[in-house]
Amino acid sequence: MRVTKSFTLKDLNSGQKIIIYGAGRYGELALRGLQYLKLQPMFFADRFLAGEERLGIKVIEPSELQNYKDDVILIASYNHFYEMLSFLQDNGNLYYYDILELLKLNYDECILSEYLLDEKRNWQKYEKVIETVVKKGLIIPHCEIVITECCTLKCRDCSDLMQYYTHPENLDINEIIRTFGNFLDSIDGLSELRILGGEPFICKDIYKVIETFQHSEKVKRITIYTNSTIVPSDEVIESLKNDKVSVHMSNYGRICSKLEKLRSIFIQEKINFYVHDYEKWYEIGNLEKRNYSSDIRDMIYQNCMQGKCHTFYRGKFYLCPRSAHGEHLKIFKNGKNEVVDFTDNEIDINKKRKELYILLEKKESLTACDYCNGLNANSKMVEAAIQLEHK
Ligand code: SF4
Ligand code: SF4
C-alpha cells in the first residue's frame, strides 16, 4: 500500500493544469515523462529556484501551490519527498501524485544526460522512498561514507573541506565496516550508499566496503564517486561488477586524466557508470565564523541544498559533510543532537533509532551553518575544481 498514487494519463481531468513540485533531477525526469505523453506542465514549484526558469518553464514558490488546489501536482523529489507530501496535505492540495510511472516510461533516453539516465533506470530507489512514507520505517534515502581524506586533487572550493586537511589519512576499513554495520542494524533500509573521499580509489581496500555492503539486503544501491584520476586495481574492478553498484565519474576537464581509460575499462567489464560534467560549482565559503543571528542561521539552513547530505565519517552520522569535517578539523564542536555515534562495540538499537529520528527531523540550524554561506539557488557560482598547490 502507498499513500500516493502514481500519475498516469488517466488521472488528468479536463481543464486541470499540471505543476511539477521539484525542479531538480527528478523534476526534469518528470518533465520528460510528461512530454512523452504529450503533456506540458504549467510550472515547476521549487523554493530553491523560485523566480527563475528551468528548461523553459517558470519556477514558482511552493507557497503559491495553494492557488492550484484542484490541479495536478507531481512530487518530483527523492530527498524531500516526505516534506513535500506533508506540505501538500497541509496546504489542502487534492490531486498530488508521485512520478513513479513517469520514471518507468520507455522513451528515447538520448535526451537525458548520463546522470539523469542513471536515476531513471534506478526508479526502484524513488519507489523505496515512497514506500517508506507509509511504513514509517527508518529508511534513509542516501548516506555518504567517507573512506579517505586523501585526494589526488586539491580543489579550492571542495564542499567536503578536503583542502583543509594538512595530514589526510586513509581511514581504517575494518572500523568503517564495523561502525557502518552498527548504523545499518539501527535502520530499516538505505536506498543509496555513496562511497567517497577525498578520492575513494586511493584507498586500496575499498573493495572490502563494496563487497561487504553489496550483500546487505538493507542497502539497495551503491555508488562510488571518483574524480576520474586513478585506475583502480583488478581486485577493485572485480568488486564493481555487480548490478547494485555504479560509478559516478566526475569530469572537470583535463585534470581528470584517467576518465577515458576508466570509461573503456568500465564498458569492457560491463560495470555500471556515468560521467557527470561539471563546469561550475556553488561556492559555500571558507570556515570563518560568521556570527549570524539564530533566525538568519536557521533560514540559511532551511534553504540549504546540502542540509540533507547525510555523511558517515569516522563512525558517526551527520546531516552535512561540513558538520563532520569542520568538527574533525577542530574548527567548532557540534551540539549534542547534531551527530549520532555508532562507534561503541555494543549499541542500543532503540536508542540509536530515536537519536536518528530526532536528527533527521531537526529544523534548527547546525553549529556548522555559522561557518558557512549555505547553498541555495542564489549562491555564487565559481569555476569547478580550481586547483590549489599540493603541499
Ligand atoms: S576531487 Fe576536489 S572536490 Fe573531490 S574530494 Fe578531491 S578535493 Fe574535494
Ligand atoms: S548551511 Fe549548514 S547544512 Fe548547509 S552546507 Fe552549510 S553547514 Fe551544511
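**Exercise 1. The shell of ligand 2**

Task: Find how many residues surround ligand 2, and which are the closest.

Solution.
- Step 1. In this predicted model, ligand 2 is surrounded by 15 residues. The closest are Cys304, Cys320, Ala368, Cys369 and Cys372.
- Step 2. Look for elements that give two or more residues to this shell: they are α10 (294-302) and α11.
- Step 3. Sort the shell by class. It divides into 10 nonpolar, 4 polar and 1 charged.

**Exercise 2. Arg322**

Task: Decide whether Arg322 is buried or exposed.

Solution.
- Step 1. Locate Arg322: it lies in helix α11 (residues 321-328).
- Step 2. Apply the cut-off: a residue is buried if 20 or more other C-beta atoms lie within 10 Å of its own. Arg322 has 29 C-beta neighbours inside 10 Å, so it counts as buried.
- Step 3. List its contacts, not counting residues up to four places away in sequence. Arg322 touches Leu161, Ala368 and Cys372.
- Step 4. Take the pair Arg322 and Cys372. They are 50 residues apart along the chain, and their C-alpha atoms are separated by 8.4 Å.
- Step 5. Link back to ligand 2: Ala368 and Cys372 are among the closest residues there.

**Exercise 3. The shell of ligand 1**

Task: Name the residues that surround ligand 1, then find the cis peptide bond.

Solution.
- Step 1. The shell begins with Cys151, Leu153, Lys154, Cys155, Cys158, Asp160 and Met162. Gly197, Gly198, Glu199, Asn227 and Ala385 complete it.
- Step 2. By class, the shell around ligand 1 holds 6 nonpolar, 3 polar and 3 charged residues.
- Step 3. Check the backbone at Gly197 and Gly198. A cis peptide bond joins them, with omega about 20°.
- Step 4. Place Gly198: it lies in the loop between β9 (189-196) and α7 (206-214).

**Exercise 4. The sheet of 8 strands**

Task: Work out the strand order of the sheet with 8 strands, and say which strands are at its edges.

Solution.
- Step 1. The order is β12-β11-β10-β9-β8-β14-β15-β16. The sheet is open and its pairing is mixed.
- Step 2. The edge strands are β12 (272-277) and β16, and each pairs on one side only.
- Step 3. From one strand to the next, the twist averages 25°.
- Step 4. Zoom in on one pair. Strands β10 (residues 222-226) and β11 (residues 245-251) run parallel and are joined by 5 bridges. Here Thr226 stands opposite Met249 in β11.
- Step 5. Add a helix. α9 (residues 259-268) lies across β11 and β12, at about 160° to β11.

**Exercise 5. Two lysines with a positive phi**

Task: Say where Lys270 and Lys330 lie, and whether each is buried or exposed.

Solution.
- Step 1. Recall the rule: most residues other than glycine have a negative phi.
- Step 2. Lys270 has a positive phi of about 55°. It lies in the loop between α9 and β12. It is exposed, with 9 other C-beta atoms within 10 Å.
- Step 3. Lys330 has a positive phi of about 65°. It lies in the loop between α11 and β16. It is exposed, with 7 other C-beta atoms within 10 Å.

**Exercise 6. Phe342**

Task: Locate Phe342 and list its contacts.

Solution.
- Step 1. Phe342 sits in the loop between β16 (339-341) and α12 (349-360).
- Step 2. Phe342 has 22 other C-beta atoms within 10 Å, so it is buried.
- Step 3. Leave aside neighbours within four places in sequence. The contacts are then Thr179, Asn182, Phe183, Gly315, Lys316, Phe317, Ile347 and Lys352.
- Step 4. Phe342 and Phe183 are 159 residues apart along the chain. Their C-alpha atoms are separated by 6.2 Å.

**Exercise 7. The sheet of 7 strands and helix α1**

Task: Give the order of the 7 strands, then describe how helix α1 packs on the sheet and on α4.

Solution.
- Step 1. The open sheet runs β1-β7-β6-β2-β3-β5-β4, with mixed pairing.
- Step 2. Its edge strands are β1 (5-6) and β4 (53-54).
- Step 3. Helix α1 packs on the sheet, touching β2 (18-21), β3 (43-45), β4 and β6 (72-75). Its direction makes about 155° with that of β2.
- Step 4. Helices α1 (residues 25-36) and α4 (residues 114-121) pack at about 75°, with their axes 10 Å apart. That makes α1 roughly perpendicular to α4.
- Step 5. Arg25, Glu28 and Leu29 in α1 meet Leu116, Glu119 and Lys120 in α4. This contact has 2 nonpolar, no polar and 4 charged residues.

Technical notes:
Residues numbered from 1 in each chain as written. Chains lettered and ligands numbered in written order. Predicted model: local features only at pLDDT ≥ 70, side-chain atom pairs only at ≥ 80, totals over all residues. Helix = DSSP H or I, 4+ residues; strand = E, 2+ residues; numbered from the N terminus. Buried ≥ 20, exposed ≤ 12 C-beta atoms within 10 Å, placed from the backbone. Contact = placed C-beta atoms within 7 Å. Near = placed C-beta within 6 Å. Nonpolar A, V, L, I, M, F, W, Y, C, P; charged D, E, K, R; others polar. Pairing = 2+ DSSP bridges. Axes fitted to C-alpha atoms, helices over the stretch in contact; angles between N-to-C directions. Parallel < 35°, antiparallel > 145°, perpendicular 65-115°, else oblique.
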